[in-house]
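Trainee: Hello! Could you show me how to read a protein model, one feature at a time?

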Amino acid sequence: MSGLREHERTSTGALARLARWFAYNPWKTVLGWLGIIVVLIALVATVGGSLRDEFDIPGSDTQKATDLIETEFAAEQGGVLNVVFAAPEGERLDTPERRAAIEAAVAEARTRFAPASDTPVDGEAGLVDVKDPLDPATVSQDGRIAYAEAQFDQTIEEADRDRVVEVQDFFREAVAPVGVTVEYNGDAEFPPIEQGSAELLGLLAAIIVLLVVFRTLVAMIIPIALAIVALATAFLLLFIMAGLTDVNTVTPILVSMIGLGVGIDYSLFIVTRFRELLHAGLSPRDAAAEAGASAGRAVIFAGVTVAISVTGLALIGLKFVTILGFGSALGVLTTVLIANSLLLSVLSLLGTKVDRLKVPFLKQLDDSEEGREKTFIARYGRFVCAHAKIIFPGVLLLILVLASTSSLVRLGAADQGTQPDEQTSRRAYDLLAEGFGRGFNGPIPVVIDVNGDPGAPQRIADGLDGVEDVARVGEPVFNDDRTVAIVFVTPESAPQDEATDDLVDRIRDEVVPQAVAGGDAAAYVSGQTAAFKDIAEQIFQRMPYFLLYIVGITFLVLAMAFRSAVIALTAAITTILSAFVGFGVLTLVVQEGYLLGLTGLDVTGPIETFVPPIAFAILFGLSMDYMVFLMSRITENHVHGYSTRAAVEHGIAAIGRVIVAAAIIMGTVFAAFILSADRIPKEFGLLLAVAILVDALLVRMTLVPALLTLLGEKSWYIPRWLERVLPNLTIEPPHDGVGRRVPDEVATREAGPA
């Protein structure tokens, strides 16, 4: 076969022309992005908002109960801080000195922290009341533990955090001299969002990996700098979005996870291609333009796939999950735009300087085609292809065994008793559980809309007496008009226990229907356990649409990109397997307790109901990145004359080192979030780190190459009807040259194992 060398082919088409413009007009591009960032900063200052947690569950019992409480108990809509007092082990709080100190502290707090005005002011939350902690009803039987509810005049947002801390510090200092400790929980106590340490650890790991990959400081700095710029831009967009709608406090954590990972990975892919073309003899501008037209094209496909996956969370029908999806998509799409414009301009300006400041003690790599064929990863690719008949079933069996552990998962609501004990809310939880029973931390409110049946609340309370796993039933609490009442049920089991789940079901299915039968009253069971059950029900109801969207659209995108239904179907199935491996490992660690201490947790619990769909959407998108990167080089080789097996071998040789490095970086970025103070980031970090590493190393670099080798030319099968309806947009850009010269012995190599 005759043809042109790789560096002698010039990509054509709209994307190639756009990449060439950025490469040939670098300063205009840089100044343009500076202007965009200045505009975004101005918008944040004028219309940007702050983060707040709003968890609406449309149509659910929990939401109906919440709406009734908000409208009918308006005087009690402010945040509540539970102030938990504890004497030393074996001692009591009601000694004269301790009683006097506690009473004095409560009296002073009522005046010192009273609202400054009758109208609540953001950032200046005040205490409208502090209950008496030494009331017999709020003191444990042994007299060691007591609690008081401190009622604020407004819901506590991030701006009010300093005020809450002032109250907490005051109580601690007031009673410490008499040997009393104080801990806090309640909706007014939430740890501030701690971001920075996990990201820094992820960046440090990325720097080490990039130095090993590139062997020069300048080349290493480029992906790090791009990821930081892209992440900062995404955060500006996120806070602009927060001014238009509620953005919950978990969203920035996921944006950081995904933004850092894809920012480094995408730029790593483009910079690697740029250096290959530069070393092959192209000028800096032409190398940057060609890298954008080829590697940049793959980045666009990969980024669009990730965005499709995470925006599919909108189909779940829960606003806070939808915002998580769109927030994550912002980070990905911002990275794609910057990588395909600003990065190309920077590379064009740097030129051969990209190879400056070589790392000492590390041998420089040979980036030529001949050099890449001699690397360990190239030899590994040839080994996999040569032994595909053994490797494919062996690796598939290993993955299926790991994935099977996900069948043990129990979804629910992990309570504060599973949080790290460095948090005051965890210590308060433990004290309250010790003094008042495990179920005290998770009361189940039953909210009754009387509707002309005033006896319904008492009938519900009476019906709950004697029900299995009920510790206490409170008397009905009415609003001023006696149109709505709340009956608080204290279970014997903890909020996260399966017994509490069963109790909620019995109240909903048996007690409430019997009590309101024959009347017009309506009763709704609420609380943390009920809320997570309602979230689970919503997710399971919408899951088919969610999966159909993610898997279906992604299948079509990949079928269009590679003109192969087999490759698209392989990508979808193997990604699902990787996800189940991640879920399985998460279940074994967080729920079953294996190696739990490595996560910083000391108590097991169920997996939060919303974690699987969110993690699946993120993983499905990110996994497709590696599939796109690998298959883009395999497809490129196949289009230009290689047999399937040869295309696989040379594709792995060309891009395998980058995929392994990118997976290690992404996995490390995710794993760094295991060090977060909160349980939920730990769960996301562990699940995604495991799934990404398994997906890249076992699935993309081993299972998929073995499968393609076994299938041979059947790997490129696509039904004619699908070929006709798909747009003619492929991962391989059009060229003005014939193609790369393929050695005869390579072009004629058998597709099957040797």
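Mentor: Gladly; we will go from the overall shape to the core, the surface and a single residue. Keep in mind that this is a predicted model.

Trainee: How many helices and strands are there in the protein?

Mentor: Counting such elements gives a first outline. Here the protein has 24 helices and 11 strands.

Trainee: What radius of gyration does the protein have, and what would a compact globule have?

Mentor: The idea is to compare the value with the one expected from chain length. A compact globule with 754 residues would be near 27 Å, and the protein has 30 Å, so the two agree. You can add the box filled by the C-alpha atoms, which is roughly 95 × 50 × 45 Å along the principal axes.

Trainee: What share of the contacts joins residues at least 24 apart?

Mentor: Here we look at how parts distant in sequence come together. Taking contacts between residues at least 6 apart in sequence, 82% join residues at least 24 apart.

Trainee: What share of the residues is buried?

Mentor: Of the 754 residues, 58% count as buried. The accessible surface is about 30,200 Å², and carbon and sulfur atoms account for 61% of that.

Trainee: Which residues have the most contacts inside the largest nonpolar core?

Mentor: To read a core, find its size, then its best-connected members. The largest one has 166 residues, and Tyr-266, Leu-268, Ile-270, Ile-614, Leu-622 and Phe-629 have the most contacts inside it. Helix H20, residues 611–639, gives the most to this core, with 17 residues. Apart from this core lies another of 29 residues, including Phe-85 and Phe-170.

Trainee: Which residues is Leu-268 in contact with, beyond its neighbours within four places in sequence?

Mentor: Among them are Leu-210, Val-213 and Phe-214, along with Val-658 and Ile-665.

Trainee: Which residues form a nonpolar patch on the surface?

Mentor: Nonpolar side chains can also be found outside a core. In this protein, Leu-201, Leu-204, Ile-208, Val-212 and Leu-675 form such a surface patch, with about 470 Å² of accessible area together. Of these, Ile-208 has its place in helix H6, residues 197–214.

Trainee: Where does Glu-91 lie?

Mentor: For a single residue, ask about its place, its exposure and its contacts. Glu-91 is in the loop between strand E1 (80–86) and helix H4 (96–112). Its relative accessibility is 35%, so Glu-91 counts as partly exposed. Leaving out residues up to four places away in sequence, Glu-91 touches Arg-98, Gly-143 and Arg-144. The C-alpha atoms of Glu-91 and Ala-291 are 72 Å apart, with these positions 200 residues apart along the chain.

Conventions: Residues are numbered from 1 along each chain as its sequence is written. This is a predicted model: local features need pLDDT of at least 70, side-chain atom pairs count only at pLDDT 80 or more; totals for chains, interfaces and linings use all residues. Side-chain values use heavy atoms; hydrogens and water are left out. Patches are made of residues with over 30% relative accessible area and no salt bridge: like charges are joined within 9 Å, nonpolar side chains (Val, Leu, Ile, Met, Phe, Trp, Tyr) within 5 Å. Accessible areas come from the Shrake-Rupley method with a 1.4 Å probe; for residues, only the protein chains shown count as cover. A salt bridge is a side-chain nitrogen of Lys or Arg within 4 Å of a carboxyl oxygen of Asp or Glu. Helices (H or I, at least four residues) and strands (E, at least two) are DSSP runs, numbered from the N terminus. A nonpolar core is a set of buried Ala, Val, Leu, Ile, Met, Phe, Trp, Tyr and Cys residues joined through side-chain atoms within 4.5 Å. Buried means under 20% relative accessible area, exposed over 50%, partly exposed in between (1.4 Å probe, protein chains only). Contact means heavy atoms within 4.5 Å. The radius of gyration is taken over C-alpha atoms; the globule rule is 2.2 Å times the number of residues to the power 0.38.
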